[in-house]
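This report describes one model through its salt bridges, its buried interior, and a strand pair with the surface around it. The coordinates come first, and the description follows.

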Amino acid sequence: AAVLAAGAKKEIAYLTKFGQPLHPFQRLRQELYNYRKVSPSEHLRFLDKYLQAVPHIIPKGDATLTRPTLRHPDLQPNNVFVSDDLSITGLIDWQHCALLPLFLQCGIPNSLQNYGDSITESLTPPELPHNFDELSENKQFEQVMLLRRRQLHYFYVAATAKLNPMHYDALTHGFSTLRRKLFDHASSPWEGDNITLKADLVELGQNWPNITASNLSTNDDASPLCPISFSKDDVKDCLHMNAAQIEADEQLQACRDAIGIGHEGWVPLDQYNEVKQRASKLKADALEAAGSEQERLMLHEHWIFDDFDEDEYS
């Protein structure tokens, strides 16, 4: 419980003393808030709700799930050294690693996971659609790429089940993904986002009886009351906003892919000038396509690839 609560308590302490309204860091999300700054007060309220739920979401009955575990925090291909005979010879970039209970450390590396897709999450063996040959060339390309993402996820889980059953058991334990999302979103520094943690809490509330039932000693024990409640309209608005934020994140990634830049703007040195030209053209096209002078002004002031305004977030 102390581990689950520590990050949220850190955020509460910081935001209570230093918190100030911010524009969301992810600039494509700023339009969703009509380009207004967001107050941290709502996030503080949700952090408190999270802390109330913490004692009831710890998996019980299996000591291996709470065993302290060290795991590489960023298992992507760039951080894995491989020899000519395909043997792994080293792992780099261990900064930010931490000892945490296994149920918080389990997971699929970002470069391999395909969460958010119902076929993937059901662990159904992936295959192309039956009407693949009838699809257009663009649709066929989309389905091939989707199949690849599903295969990576599926075969990682299958290999984990065979080669690392302890990790597999933690990975497939009930509501494992939701626990990790709650912990990550409650512990991460607030970046002008009052929706993501709230959406996690909505999901927690909807699944509360099933999550807490596994922690009861006997069938006669009473399930603890859920400390989280939202009105139907509040839930609807939250899930709609969360979906819009996810779509904005996907649009940002599509822009990065189109221009050829990595996270935080990294580009290969020999492609720097070419990428800058593509970025300038994307901005010019967006400004030209703006439907009004106000929209054009907001696009200019909140352009997604402008330099980060450190004064606002200091």
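## Salt bridges

Lys-10 is partly exposed at 39% relative accessibility, on a scale where buried means under 20% relative accessible area, exposed means over 50% and partly exposed lies in between (1.4 Å probe, protein chains only). Lys-10 forms a salt bridge with Glu-11, the closest N and O atoms being 3.0 Å apart, and Glu-11, at 4% relative accessibility, is buried. A salt bridge here is a side-chain nitrogen of Lys or Arg within 4 Å of a carboxyl oxygen of Asp or Glu, and by this rule the count comes to 13. The model is a predicted one, in which local features need pLDDT of at least 70 and side-chain atom pairs count only at pLDDT 80 or more, whereas totals for chains, interfaces and linings use all residues. Residues are numbered from 1 along each chain as its sequence is written, and side-chain values use heavy atoms, with hydrogens and water left out.

A second salt bridge joins the side chains of Arg-29 and Asp-249, with an N to O distance of 2.7 Å. Because Arg-29 lies in helix H2 (residues 27-30) and Asp-249 in helix H11 (residues 232-259), this pair ties together parts that are 220 residues apart in sequence; helices are DSSP runs of H or I with at least four residues, strands are runs of E with at least two, and both are numbered from the N terminus. Arg-29 is buried at 13% relative accessibility, while Asp-249 is partly exposed at 28%. Arg-29 and Asp-249 are also linked with Asp-193 in a network of salt bridges. Within helix H12 (residues 272-289), Lys-281 and Asp-285 are four residues apart, about one turn of the helix, and their side chains meet in a salt bridge at 2.8 Å, N to O. Lys-281 is exposed at 52%, and Asp-285 is partly exposed at 36%.

## Helix H9 and the nonpolar core

Helix H9 (residues 196-206) is mostly covered, eight of its 11 residues being buried; among them are Lys-198 and Asp-200 as well as Leu-197, Leu-201 and Leu-204. The buried residues of H9 pack against H2, helix H3 (41-57), helix H8 (176-187), helix H10 (208-213) and H11.

The largest nonpolar core (a set of buried Ala, Val, Leu, Ile, Met, Phe, Trp, Tyr and Cys residues joined through side-chain atoms within 4.5 Å) has 33 residues, and those with the most contacts inside it are Leu-4, Tyr-50, Ile-57, Leu-182, Leu-197, Leu-201 and Leu-204. Helix H1 (2-18), H3, helix H4 (102-105), H8, H9 and H10 each supply at least two residues of this core, and the largest share, six residues, comes from H3. Apart from its neighbours within four places in sequence, Tyr-50 is in contact (heavy atoms within 4.5 Å) with residues including Leu-4, Ala-8, Leu-182, Phe-183 and Leu-201.

## The E2 and E3 hairpin

Strands E2 (residues 80-82) and E3 (residues 88-91) run antiparallel and are joined by three bridges, where pairing requires that DSSP finds at least two bridges between two strands. Val-82 stands opposite Ile-88 in E3, and in this hairpin, which has five residues between the strands, Leu-86 takes a positive phi near 70°.
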